[in-house]
Amino acid sequence: MAIDVGTLLQILFWGLYAGCIYILLATGVNLIFGVMKTVNFAHGELLMIGAYVTWTLFSLTGLNPYLLLVATVPVLLLFGIAVQRLAFRPVLGSHKLNEIFLSIGLIYLFQNGAAMIWGSDYQSIQSPFASMAVTIGSFRLPLDYVIIIAVTIGILVGLQLLLRRTRLGLALRATSQNRKAAMLSGINVERMDMIAFGLGAALAGAAGTLWVVSGQVFDPYMGSVPAVKAFAIVILGGLGSIPGAIIGGLFYGVAESAATYTLGGAWKDAISFIVLIVVLVIRPTGLFGERGE
Amino acid sequence: MDLDRFRPYLTWIALAVALLVPAFASGSLYLLTTASIALVFMIYSEAWNFLAASGQGSLGHAAFFGLGAYASALTASRFGLPPVLTVLFGGLFAAGIGLLIGLTCVRLKEWFLAMVTFGFAIIIQTLMVSQFAGISGGWDGTAAPALVPSSVPFAPYVQYYLILAVLIGVLLAFRALLRGRIGLAFAAIRENEVEARASGIDPVRYRLFAFGLSACVAGIAGALEIHQFGYVTPEVFGTDISFWPIIYSISGGLGTLAGPLVGTVAVTVLWEGLRGIGLTYARFVIVGLLLILTVIFLPNGLVSLPGRIRAWRRRREGEGD
Amino acid sequence: MNAKYLILIAGLVLAAALVAGCTTQTAQPAALKLGVVSSMTGPASTTGRDMWQSAQLAADEINAKGGVFVKSLGNNVTIALVQGDDESTREGGQKVVTKMIADDKVDALIGGFSSAVVTAHQSAVAENGVPYIITGASSPTITRRTDINTSTMFHHCPTTDDYGAKTIQFVDEIMRPAINAKFGRPADQPLRMAVIYQDSPYGKGVLSAVNDTIAKNGLPIDIVASESYKMGETDFRAILTSVKAKNPDVVYPAAFLNEQVPMMTQARRDVGLNTIFLAVECNDDADYYKGLGQYGDYSIIESRFSPYTVPKGPISANVEKYQKDYAAKFNTSPGMMGAATYEGVYVAAAAAQQAGSTGRAALVTALGSVQVPEMIESMENGTISFENTFRESKSNLYMEQLHWDPATQTLRPKIVWPAALKETEFQIPDWYRPGSV
């Protein structure tokens, strides 16, 4: 199958854009796992709630949806803190399976709660920049995607600054590296749990806004597929490794496109898991993962 | 009111109720159908719960449920064998694939395992609709002969008792296994794998055994369901089919034999009752909340409820003194 | 504190048990009892609600006129509907259909949306010999199954075979000559078509109908690409980029609304695939026009019931009245599956009148020969009737071309085919680029 270089580059660009959503989700999952050693399988539902919050605010105010990022992110931050406090903290330290079961309950709760509040119909909005494009050489790149990629980079840089340059970031990293030692040195680890979960939810909320802005349709069940991909990326990239999440995200984009071409579109989801299983059979902690937890 | 006095008879009471359901159901095929489907899901949930007893939580048991369904439906319709026999073949086939999948899974922990099992359900569904579409009928699915042909008098009742018999067989087998050496080994592995290894238990062998047997029973359940429906489509590999046994087992009582039974009855009654009062999405919300509340406040499920209430009353009385 | 939650859980379970125990049957006066199988819960609930509401509208209309005359009872009976929520699942469908058949003792069933859900409860229907007018499932296998007796099941909605056949007929009769003429190509030059199909019975059914129709009639249409994607996909850029490289003259997606809208938007906006898109009839919904906006300009959609246009001729007054009444009653606009279900209720009523009975067997016999004048969907020969082999009704599917009006910022359809129904001519936009010149 002959594909010229231009086409290939174009497909890579689409992958990069789709990767933004995955990377934001995967970074959130990683942050939460790093600090709490907990996996929230309902992470995709936070993406969905982020999308609906943006949509609701847009319908109410009619503001430029990019500006609504400023409103959606704090809402999801608080929501995440509430979910951590009410649902995850009580089971923290009990059997690990409990967290998985709890997440399943949350998936049912959030998906159908959203269907009750916002209805189960598909929704979509159009960005004010929908018809604008940037021309680079022979490419016509839609302006929205350029903005989305820039916003994602901005968020990731901001997160790195938060983690590396602030006292809060230091405390988060300390909790993530050694919980007991962090506790002994006076860090309130329970508060760190809440903040980490809140930040993870906020990242998912940002991804939700970007999803809506790019003109993609959404419904209460939209979160599960991107979330599953994000988890696969996290496992592939290694738990707790943020560079791993980014490389994993890009790798997945390529693997999915390759599978769509060679095996057919039906394999797009399955290929994620085949890669995942192969990796785990060879290296049970993922490609970049630290040994043990 | 001391529940303890009834405890020894509970099994017999439950059995009597199960045997009498068709009598209550006389004239209501709906009740009988609901009860038959509930029995199938009890078998399926027991299978999931048996795997959980070995410390492994699967998020993709629909893979085995569906494989059993397809294997049985295809052998029954292609070779004209009676479904009563092919159901067993469905179980064996699911067990074979289950052992292969188990080989990749037994060394994985918690959520790695969860993701991989979840993934296998999707991979198998994809195979069924693409590479194996010629055999499986692809998305169109394939017909499955009735478990009990309608020419048999009182077919729906015969079918109910047949499924009940399978359930009782599965329960007896699991009880024998969990009370014996295997149950002890499972508990040891679940609590502390390093210690278990030190005392000479090979966790991989026991985990693999749990995987194979659980897959086998789940396959039988899947086969029983689709012979009841008369048709099988790739939707049997769906996420909801993977999640129901978890909901039933957790709400009833993880790791206990009675748990999945109690959970299935409680959730089914809740589910159908909420339908009766016209709720739609709210039903899922309530089931989700029930699951969350159970995990947080009643980690041993509804079966531990009487004990918890007794303990709570004793504490109250103690305070009163 | 824990104990409170324990009591809460116990209370919930108990309350539900009581409710379940208390649902009793009240004695009904003589009525034609129709069970409506629709998904009130789950992913298909939007369509399900539409089906249930349209059935209610039909029943209310018939009852307002005094019901149906049934000879064996010597007087008119009313229509009583029973709601059957299949929860969009196989288990839910099986439970609710046996409930309606055995407990509610319905005389006939109407509805049934997803083919997977319908196949799982068909054997219960077959064993009890219940007449079933299927108005939603699009798989032709539904009434072609040989493992059970489907002779009581009647398919009143086009199948994937019909979708593909009619669309290809339109492409061959209208689009191919128009494109060849406009770009000065030889009249016999084959048209290059790309199919992008959902990996499901629906998508695969349309694909095989396309291939069969072309092969059977030896049409000069080349399928230059057939790409599949997973149900619910939202990112089609990679597929579209590869389709674009195959230089198609026209693209035919077999997709659902939530997939076709992003697909066409991405094709026109991102990938620069400046071609004419076709669409399967089930997308003809108000949300489709709203979602596509300017990116739907000049695209083609197959239809049998549209929210924004009414085919000329005998049925136009009926359609307008239906749309008005539906909007007045439910404060929302009606959809396509609802339209067929609405007619289904009338067809059942006509069968009862013809049979002079509400007995199941009598209804089945009557349905086999019933002739109902077309109502809100244009039918072949102007009547709703079921052919004898597979008991399918045949509707006159038509093709609409969509036009974007920058002044009102709305996208609206105009019927361009067949000749008997058309409002205007098919047009090729200036920005259109053919696959090869």
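**Stop 1: where chain B meets chain C**

Select chains B and C: in this predicted model, they bury about 4,100 Å² between them, with 66% of that area on carbon and sulfur atoms. To see who contributes on the chain B side, pick Trp139(B), Phe229(B) and Phe297(B). These three lose the most area to chain C, and together they make up 16% of what the chain B side buries.

Now widen the selection to every residue that touches the partner chain. You should end up with 49 residues of chain B in contact with 47 residues of chain C.

Next, look for polar links across the boundary. The interface holds ten residue pairs in polar contact, with both partners at pLDDT 80 or more. Which elements of chain B should you colour to follow the contact surface? Those giving two or more residues to the side that touches chain C are H2 (29-53), H5 (110-129), H10 (203-229), H11 (239-252), H12 (258-276), H13 (281-297) and H14 (305-320), each of them a helix of chain B. If you want a single helix to start with, take H12(B), which gives the most to this side, with eight residues. Colouring the chain B side by residue type gives 27 nonpolar, 14 polar and eight charged residues.

There are also four salt bridges across the interface of chain B and chain C. For one to zoom in on, show Asp85(C) and Arg283(B) as sticks: they form a salt bridge, and their closest N and O atoms sit 3.7 Å apart.

**Stop 2: chain C as a whole**

Hide everything except chain C and switch to cartoon. You will find twelve helices and 15 strands. The radius of gyration of chain C is 23 Å, close to the 22 Å that the globule rule gives for 437 residues, so chain C is as compact as a globular protein of that length. If you turn the chain along its principal axes, the C-alpha trace spans about 70 × 65 × 50 Å.

Colour by accessibility next: buried residues make up 63% of the 437 residues in chain C. Contacts reach a long way along the sequence, too. Among those joining residues at least 6 apart in chain C, 67% link residues at least 24 apart.

**Stop 3: salt bridges inside chain C**

Over all chains, the salt bridge count comes to 27. Several to visit are in chain C.

- Select Arg90(C) and Glu91(C). Their side chains meet in a salt bridge at 3.2 Å, N to O, and both residues are buried.
- Move on to Arg145(C) and Asp147(C), another salt bridge, with the closest N and O atoms 2.9 Å apart. Are these two buried or partly exposed? Asp147(C) is partly exposed, with a relative accessible area of 38%, while Arg145(C) is buried at 7%.
- Show Arg144(C), Asp162(C), Glu392(C) and Lys394(C) together: these four are linked in a network of salt bridges.
- Finish with Asp235(C) and Arg237(C), a salt bridge whose closest N and O atoms are 2.9 Å apart. Arg237(C) is buried at 0% relative accessibility, and Asp235(C) is buried with a relative accessible area of 16%.

**Stop 4: helix H7 of chain C**

Stay with Arg237(C) and extend the selection to residues 237-245, which make up helix H7 of chain C. Seven of the nine residues of H7(C) are buried, so this helix is largely enclosed by the rest of the structure. The buried ones are Arg237(C), Ala238(C), Ile239(C), Leu240(C), Thr241(C), Ser242(C) and Val243(C). Just after the helix, click on Asn247(C), which takes a positive phi of about 55°.

**Stop 5: two single residues, in chains A and B**

Jump to chain A and select Tyr52(A), found in helix H2 (residues 43-61). Tyr52(A) is buried, with a relative accessible area of 0%. What surrounds Tyr52(A), leaving aside its neighbours within four places in sequence? Tyr52(A) is in contact with Trp118(A), Gly119(A), Asp121(A), Gln123(A), Phe218(A), Asp219(A) and Pro220(A). For a distance to draw in the viewer, join the C-alpha atoms of Tyr52(A) and Gln84(A): the two are 20 Å apart in space and 32 residues apart in sequence.

Last, bring chain B back and pick Gln159(B) in helix H7 (residues 155-179). Gln159(B) counts as buried, at 13% relative accessibility. With neighbours within four places in sequence left aside, the contacts of Gln159(B) are Leu147(B), Val148(B) and Gln228(B).

Conventions:
Residues are numbered from 1 along each chain as its sequence is written. Chains are lettered from A and ligands numbered from 1 in the order in which they are written. Side-chain values use heavy atoms; hydrogens and water are left out. Contact means heavy atoms within 4.5 Å. Buried area is the accessible area (1.4 Å probe) that two parts lose on being put together, summed over both. A polar contact is a pair of N or O atoms within 3.5 Å; within protein, one must be able to donate a hydrogen and the other to accept it, and residues adjacent in sequence count only if both atoms are side-chain atoms. Helices (H or I, at least four residues) and strands (E, at least two) are DSSP runs, numbered from the N terminus. Ala, Val, Leu, Ile, Met, Phe, Trp, Tyr, Cys and Pro count as nonpolar, Asp, Glu, Lys and Arg as charged, and the others, Gly among them, as polar. Buried means under 20% relative accessible area, exposed over 50%, partly exposed in between (1.4 Å probe, protein chains only). The radius of gyration is taken over C-alpha atoms; the globule rule is 2.2 Å times the number of residues to the power 0.38.
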